[in-house]
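This report describes how one protein chain is put together, from its strands to its domains. Look at the sequence and the structure first, then read on.

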Amino acid sequence: MFVTVKDKEMISVKEALALIQNNSISLGVEEVSVSEALDSYLSEAVFSPINLPPFRQSAMDGFAVRSHQGGFYTIKEEIQAGDSKDIKLEVGEGARIFTGAQVPDDADNVIMKEHVLEKEEQIFLQKKTEKNNIRIPGELIKKGALALPKGTLLNSAALAFLIGLGIAKVKINKKPSVAILITGNELESAGESLTRGKIYDSNSIMLKMLLKKAGIEKIACYNVKDTEEDSVEVVKKAIENYDLLIASGGISVGDYDLMRNAFQTNGVCEKFYKINQRPGKPIYFGKKENTLVFGLPGNPAACFINYQVYVLPAIQLALGNESILLLKKATLEEELLNPTNKSLFLRAEVRGGSVKISENQNSAMLQSLVAANALVYIPETIKKIEKGEEVHYLEILQ
Ligand code: AMP
Ligand code: MG
């Protein structure tokens, strides 16, 4: 009779994520110019140093007038955007004005050009307008008000918003430098001819591109031979010089899976080794001082999925983003069975709130990940989900 022995080293998805959260690294703060801060996270809140707009601003091309009951005005002056002249208006007087220009203090209304008839120095009102078409100072944001909270991801709009407030430098969390360690004697580079027993290395480009998407700038890639000596040496060099190590392959139970041992030899403190999930059960996570170490499976799709679920959140924590691994909900298009006792991460396409699980879930298969935009998470306790029921999924960043 066979008895299933539960692997003592194996932990659940939730336990693994908690360990990542509890062992996050922080690399300090740096001040950079706003143009260099794309994809960084603010290390402190930013408050507006000015009112925006800073002055009463015309929202239209037309005529700034000092209103009265009558329907016509005498036009005295012209005010362009950027002009700083101080114009006085009497009742019944106005000035030609353009969008973005400062409205004279005496004017209470900007009449749209389209709503008047012009004749020499006079305008005649054709239509009464409800809005005064004047943007008041601080209408967009008031001086001293919170502009962006700590932890904000600095995307293009955020950077433009800061520059629009006259802010030229920002404090951001330093980004981790990353070493990718590619193991496997069988690997050849694309462009080379494929000799007997070899395959092309696809994990190095995949991890590099995923890291770039996450905003990581300093990335190095090492090839590691499947020997104890090389594994130990490359891990040593990488730990000394980088904040995060991501190894691909060599982490399972084969005789030539040498990375766990190489981490241990280099004094990395192991936090977990296997997760009760499919795909990607063998995944190593450890820490040495302020360096995080991940060992991901070599199978390309398993490597990709474990990066999304575990490595990316660790990177986001280091960058200062606390809202990691947000699961969303959508409804299943087809019934789903989980015949295993494991949690599943299934590649899927989510469109309009509906989830279509991809047909091929093979851990070596990259092709079915190309169109995928989500990883559906099925906890180990769930055996069956009916069509039309809700499932949780993680959006893929790729
Ligand atoms: P491993 O995790 O080292 O046992 O590798 C598992 C499978 O993934 C094997 O079939 C490897 O040949 C394959 N593999 C490992 N590394 C890579 C890589 N960098 N690119 C593509 N396939 C890989
Ligand atoms: Mg290998």
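A residue is called buried here when its relative accessible area is under 20%. The model is predicted. By that cut-off, four of the five residues of strand 7 (residues 93–97) are buried, so this strand is largely enclosed by the rest of the structure.

**Strand 7 and its partners**

Strand 7 pairs with strand 5 (residues 62–65) in the antiparallel sense, through four bridges. In this pairing, V65 has G94 as its bridge partner. Strand 7 also pairs with strand 6 (residues 72–79), this time parallel and through five bridges. Strand 6 in turn pairs with strand 10 (residues 122–125), antiparallel, over three bridges. The table lists residues of strand 6 with the residues that stand opposite them.

| Residue in strand 6 | Opposite residue | Strand of the opposite residue |
|---|---|---|
| Y73 | I123 | strand 10 |
| T74 | E93 | strand 7 |
| E78 | R96 | strand 7 |

In general, the strands of a sheet pair through backbone hydrogen bonds, and the pairing is either parallel or antiparallel.

**The domains**

The domain assignment divides the chain into domain 1 (13–28 + 175–319), domain 2 (31–51 + 139–173), domain 3 (57–135) and domain 4 (327–395). The C-alpha centres of domain 1 and domain 2 are 34 Å apart. Where these two domains touch, six residues of domain 1 are in contact with six residues of domain 2.

An unreviewed UniProt entry places the feature "domain: MoaB/Mog" at residues 179–317. In the model, helix makes up 36% of residues 179–317 and strand 30%, and the end C-alpha atoms of the span lie 18 Å apart.

**A seven-stranded sheet and two helices**

Seven strands form an open sheet with mixed pairing, in the order 1-19-21-22-18-14-17. Its edge strands, strand 1 (10–11) and strand 17 (219–224), each pair on one side only. Within the sheet, strand 14 (residues 178–183) and strand 18 (residues 244–248) run parallel and are joined by five bridges. One facing pair there is I182 and S248, the latter in strand 18.

Helix 4 (residues 228–241) lies across strand 14, strand 17, strand 18, strand 21 (282–288) and strand 22 (291–296), and runs at about 170° to strand 17. Helix 6 also packs on the sheet, where it touches strand 18, strand 19 (269–275), strand 21 and strand 22. The direction of helix 6 makes about 170° with that of strand 22.

**The nonpolar cores**

In soluble globular proteins, nonpolar side chains tend to be buried together. Which residues have the most contacts inside the largest nonpolar core? They are I246, F294, L296, Y307, Y310 and I315, in a core of 47 residues. Helix 6 (residues 300–319) supplies the largest share of this core, 14 residues. Domain 1 and domain 4 both give residues to the core, so it lies between them.

I246 shows what such contacts look like. Leaving aside neighbours within four places in sequence, I246 is in contact with V178, A179, I180, L181, L207, L211, F294, L296, Y307 and V311. A second core is separate and has 20 residues, including A220, V232, F263 and V268.

Definitions and conventions
Residues numbered from 1 in each chain as written. Chains lettered and ligands numbered in written order. Predicted model: local features only at pLDDT ≥ 70, side-chain atom pairs only at ≥ 80, totals over all residues. Heavy atoms only, no water. UniProt positions renumbered as here; feature names shortened; annotations may be inferred. Core = buried A, V, L, I, M, F, W, Y, C linked by side-chain atoms within 4.5 Å. Buried < 20%, exposed > 50% of the residue type's maximum accessible area, 1.4 Å probe, protein only. Domains from an automatic or database assignment. Contact = heavy atoms within 4.5 Å. Pairing = 2+ DSSP bridges. Axes fitted to C-alpha atoms, helices over the stretch in contact; angles between N-to-C directions.
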